[in-house]
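Subject: Handing over the structure

Hello,

Here is the structure I promised to pass on. Please open it first, then read the notes below.

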Amino acid sequence: MEIKLIKGDITEQAVDAIVNAANPTLLGGGGVDGAIHRKAGPELLEACKKIIERIGSCETGEAVITKGYDLPASYVIHTVGPVWQGGESREANQLASCYFKSLDLAGSKLLASIAFPNISTGVYRFPKELAVDVAVYTVKEWIKAELGNTTLQEIRFVCFDDENYVLYERKLKENNLV
Ligand code: ADP
């Protein structure tokens, strides 16, 4: 498994699937969600609306998949991160679930590459350092459990801001992952 750390824009990643930090309505929003919808085009919103008609809403920690439409990525995995409420409301478990379920979905679609943004660390205010711990730990555990049994070959962490990039660089080095 190759782990890559990238400073940049997730909408430019030519991978099989990019992950969207969505909200429960899947109707688009600001931040990375808005950027993904703008680049993917209106068909993405239509696909999201169809999913919501079927499931009602996408719960925190859950993940669903659509095509990528005008994005370089073939698919978008929409996952709903937790809103930080002080840490006593299972936020870390919910964030772990976002990473775990996104990886499971990519695996079930037999994809080879996936790119993650820094879920919940924008308007959802999850502390960045703790979010990095959760992301790296969860991805590492998932790989350990799946290796030899998954089509995934590459996992990218795409950091938009310098602070996240520095935190990821340190954490991934500590874990001998880059
Ligand atoms: P959330 O509601 O889950 O906090 P945000 O979109 O507000 O979602 O922020 C999540 C992270 O995505 C933040 O770290 C933000 O810097 C980052 N981000 C914003 N735009 C992009 C983009 N185009 N590509 C990658 N990451 C982005």
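A residue counts as exposed when its relative accessible area is over 50%, and as buried when that area is under 20%. Keep those two cut-offs in mind for what follows. Also note that this is a predicted model.

**Two residues with positive phi**

Start with Arg 90. It sits in the loop between β4 (75–80) and α3 (91–108). Its relative accessibility is 54%, so Arg 90 counts as exposed. Its phi is near 65°, a positive value in a residue other than glycine.

Now go to the loop between α3 and β5 (113–116), where you will find Leu 110. Leu 110 is not a glycine, yet its phi is positive, at about 60°. Leu 110 counts as exposed because its relative accessibility is 62%.

**The annotated span**

UniProt, in an unreviewed entry, places the feature "domain: Macro" at residues 1–176. Helix makes up 42% of that span and strand 19%. The end C-alpha atoms of residues 1–176 lie 12 Å apart.

**The sheet**

In what order do the strands of the open sheet run? The order is β1-β6-β5-β2-β4-β3. That is 6 strands, with mixed pairing. The edge strands are β1 (2–7) and β3 (63–67), and each of them pairs on one side only. On average, neighbouring strands are turned by 25° against each other, direction ignored.

**Strand β6 and its neighbours**

Look next at β6, residues 154–159. It pairs with β5 through 4 bridges, and the two strands run parallel. Two residue pairs help you to find this pairing. Phe 116 has Phe 157 of β6 as its bridge partner. Ala 115 stands opposite Arg 156 in β6.

The pairing of β6 with β1 is also parallel, over 6 bridges. Here Leu 5 stands opposite Phe 157 in β6.

Is β6 enclosed or open to the outside? Of its 6 residues, 6 are buried, so β6 is largely enclosed by the rest of the structure. Its residues point two ways. Glu 154, Arg 156 and Val 158 point one way, while Ile 155, Phe 157 and Cys 159 point the other. All of them are buried.

Two helices belong in this part of the picture. Helix α4 (residues 128–146) lies across β1 and β6. It runs at about 175° to β6. Helix α5 (residues 162–174) packs on the sheet and touches β1 and β6. The direction of α5 makes about 155° with that of β1.

**Around the ligand**

Which residues come nearest to the ligand? There are 16 residues around it, and the nearest are Asp 9, Val 32, Ser 120, Thr 121 and Gly 122. Three of the contacts are worth a look on screen:

- Val 32: a polar backbone atom is 2.9 Å from an oxygen atom of the ligand.
- Ser 120: a backbone N or O atom lies 2.9 Å from an oxygen atom of the ligand.
- Gly 122: a polar backbone atom is 2.8 Å from an oxygen atom of the ligand.

**Thr 11**

Asp 9 appears again here. Its side chain makes a polar contact of 2.8 Å with the side chain of Thr 11. Thr 11 is in the loop between β1 and β2. Its relative accessible area is 3%, so Thr 11 is buried.

Leaving out residues up to four places away in sequence, Thr 11 touches Ile 18, Ala 35, Ile 36, Lys 39, Leu 71 and Pro 72. Thr 11 and Val 76 are 65 residues apart in sequence. In space they are 10.0 Å apart, C-alpha to C-alpha.

**Asn 20**

Last stop: Asn 20, in strand β2 (residues 17–22). Is it buried or exposed? Asn 20 is buried, because its relative accessible area is 0%. Its side chain and that of His 78 are joined by a polar contact of 3.3 Å.

Beyond the four nearest places in sequence, Asn 20 touches residues including Val 32, Asp 33, Ile 36 and His 37. Val 76, Ile 77, His 78 and Thr 79 are also among its contacts. Val 32 links this region back to the ligand, since it is one of the residues that come nearest to it.

Best wishes

Key:
Residues numbered from 1 in each chain as written. Predicted model: local features only at pLDDT ≥ 70, side-chain atom pairs only at ≥ 80, totals over all residues. Heavy atoms only, no water. UniProt positions renumbered as here; feature names shortened; annotations may be inferred. Buried < 20%, exposed > 50% of the residue type's maximum accessible area, 1.4 Å probe, protein only. Pairing = 2+ DSSP bridges. Axes fitted to C-alpha atoms, helices over the stretch in contact; angles between N-to-C directions. Contact = heavy atoms within 4.5 Å. Near = heavy atom within 4 Å. Polar contact = N/O pair within 3.5 Å; in protein donor to acceptor, adjacent residues only side chain to side chain.
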